[in-house]
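Okay, everyone, grab a coffee and find a seat. I'd like to walk you through one structure today, a few spots at a time.

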Amino acid sequence: MAGPVKLCVSNQKGGVGKTTIAINVAGALNARGHDVLFVDLDPQGNATENLGLMEAYDDEPPTLFDCLTDAEKRGEIENIVRGHPEMDVVPSNIDMTAAEPELTLARRSGEQLDLVLREVEDDYDYVIVDCPPNLGNLMDNALFATQNVLIPALAESTSKRAFELLFDHIDALEYDYEIDIRDRGVVVNRIDVRKKQAREMVDWINAAFEDVPIWEIRERADVQKALDAGVSLLEFNPDCDMCETFLDVAADLDEQFGLAEANA
C-alpha cells in the first residue's frame, strides 16, 4: 500500500481512556517493529503529558496550531516532531485551545491535518492520531486525514449513545467529503468483570459490532503507572497480561492493512 496506515482513536465521550488506548496501541505497533508517528490533536494535551513531553505543551510558536491554521507554516511540522523511545510524537500545545474557531474560518477546514501530515508521513509505517473528546473541526480533521477509526469505549450503558453520536457524525462527514471512513475495531476499556452491567455491555458491544474486532482491556494498576512513567504498558511492564491484548490489536491492524507479512 502507498504511504503509511493512518488511524485515529476517537470517541466524543470523555473519560473512556481514549489517550490510554492510543498510546498503548502505538507502543504495541512499535513492539511489532513499526515506525510510528503519534499525533496529539487534543488541546488538553493529555497524551503529550503522558508521553513525558509536557514541556512541549508550552512551546513558543511555531506549534501544531500554526501548522494547522497557517498554510505557509505546514512545513514546520518537521521541526515540531519530538523523539520518544517508542514513537515519534507531534505534541499538542496550549495554543491548540484556539484551533476550533480558527479552523472554522479556514478554507477546506476539515482537510488541514491531512495537508500537514503529507510533509512527514512518508517516514512512518503508522500514524496514530489521538482525538479530542468532542465532535468539532479537530475531530473532522482527524477523521478526514486517517479515514480509519479505532473506537475506545467503556462497558457502561452511556456508551450506546456515544456510539450513535459518533457514527452519525461520521456519516455526515462521509457525505460532505465523499469519503469512506472505516471503523477498524472497538476497544472496551477498564472492564470490571465483577459488575453485571459491565458483562452485559460487553455482550451488547459484541453483538452490535459483529463485523469488526472487539478487544477487552481489564482494570490494571500498571496501565496508569506506565502513563505516569511516560511510556506504554509494553515498555513499563511487558509481563502484564494486558500487554497481550494490545499486541493483539496491533497484530489485527497489521492483518487488516496487509502489513502482517512484513512482521512474519
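I'll go from the annotated domain to a helix pair, then the aromatics, some backbone oddities and a few buried residues.

Before anything else, keep in mind that this is a predicted model.

So, the annotation. UniProt lists residues 7-176 as "domain: AAA", and that comes from an unreviewed entry. In the model, that span is 44% helix and 15% strand. Its end C-alpha atoms lie 20 Å apart.

Now scroll to helix α9, residues 158-177, and helix α10, residues 196-208. How do these two sit relative to each other? Their axes come within 10 Å and cross at roughly 25°. Anything under 35 degrees counts as roughly parallel, so that is what we call α9 and α10. On the α9 side, the residues that make the contact are S159, K160 and F163. They meet M201, W204 and I205 on the α10 side. If you sort the residues of that contact by type, you get four nonpolar, one polar and one charged.

Hang on to F163 and W204 from that contact, as they come back with the aromatics. F163, F167, W204 and F209 form one aromatic cluster.

How many aromatic pairs are there? The count comes to four. The one I'd like you to look at is F144 with Y177: the ring centres are 5.0 Å apart and the planes sit at 55°, so we call the pair tilted. F144 is in helix α8 and Y177 is in helix α9, so this pair ties together parts that are 33 residues apart in sequence. Buried or exposed? F144 counts as buried, at 11% relative accessibility, while Y177 counts as partly exposed, at 25%.

Okay, backbone oddities. A quick reminder for this bit: most residues other than glycine have a negative phi, and most peptide bonds are trans.

With that in mind, go to P61 and P62. The peptide bond between them is cis, with omega near 5°. P62 sits in the loop between α3 (54-57) and α4 (64-69).

Then there are two residues with positive phi. R108 isn't a glycine, yet its phi is near 55°. You'll find R108 in the loop between α6 (99-105) and α7 (112-117), and at 38% relative accessibility it counts as partly exposed. Q147 is the other one I picked, also a non-glycine residue, with phi near 55°. Where is Q147? In the loop between α8 (137-146) and β6 (148-154). Q147 counts as partly exposed too, at 27% relative accessibility.

Q147 leads us nicely to A142, as those two are in contact. A142 lies in helix α8 and is buried, with a relative accessible area of 0%. Leaving out sequence neighbours within four places, the other contacts of A142 are C8, L41, L113, V129 and C131. For a sense of scale, the C-alpha atoms of A142 and Q224 are separated by 25 Å, and those two are 82 residues apart along the chain.

C131 turns up again with S10. S10 is in the loop between β1 (5-9) and α1 (18-31), and its relative accessible area is 0%, so it's buried. Beyond its neighbours in sequence, S10 touches K18, C131, M139, V149, L150, I151, P152 and L166.

Next, N50, which sits in helix α2, residues 46-50. N50 is buried as well, this time with a relative accessible area of 15%; the cut-off for buried is under 20%. Setting aside residues within four places in sequence, N50 contacts T19, I23, L227, G230 and V231.

Last stop, L233. That one is in helix α12, residues 233-236, and it's buried, at 0% relative accessible area. What does L233 touch, once you skip residues up to four places away in sequence? N24, D222, V223, A226, P238, C240, M242, C243 and F246. And have a look at T20: its C-alpha atom and that of L233 are separated by 9.4 Å, although the two residues are 213 apart along the chain.

So, if you go back to the model afterwards, start with the α9 and α10 pair, which is roughly parallel, and then find the cis bond from P61 to P62. That's all from me.

Terms used. Residues are numbered from 1 along each chain as its sequence is written. This is a predicted model: local features need pLDDT of at least 70, side-chain atom pairs count only at pLDDT 80 or more; totals for chains, interfaces and linings use all residues. Side-chain values use heavy atoms; hydrogens and water are left out. Axes are lines fitted to C-alpha atoms, for helices over the stretch in contact, and angles run from 0 to 180 degrees between N-to-C directions. Helices (H or I, at least four residues) and strands (E, at least two) are DSSP runs, numbered from the N terminus. Angles under 35 degrees count as roughly parallel, over 145 as roughly antiparallel, 65 to 115 as roughly perpendicular and the rest as oblique. Contact means heavy atoms within 4.5 Å. Ala, Val, Leu, Ile, Met, Phe, Trp, Tyr, Cys and Pro count as nonpolar, Asp, Glu, Lys and Arg as charged, and the others, Gly among them, as polar. UniProt positions are given in the numbering used here, feature names are shortened, and annotations may be inferred rather than shown by experiment. Buried means under 20% relative accessible area, exposed over 50%, partly exposed in between (1.4 Å probe, protein chains only). Rings of Phe, Tyr and Trp (its six-membered ring) pair if their centres lie within 6.5 Å; planes under 30 degrees apart count as stacked, over 60 as edge-to-face and the rest as tilted.
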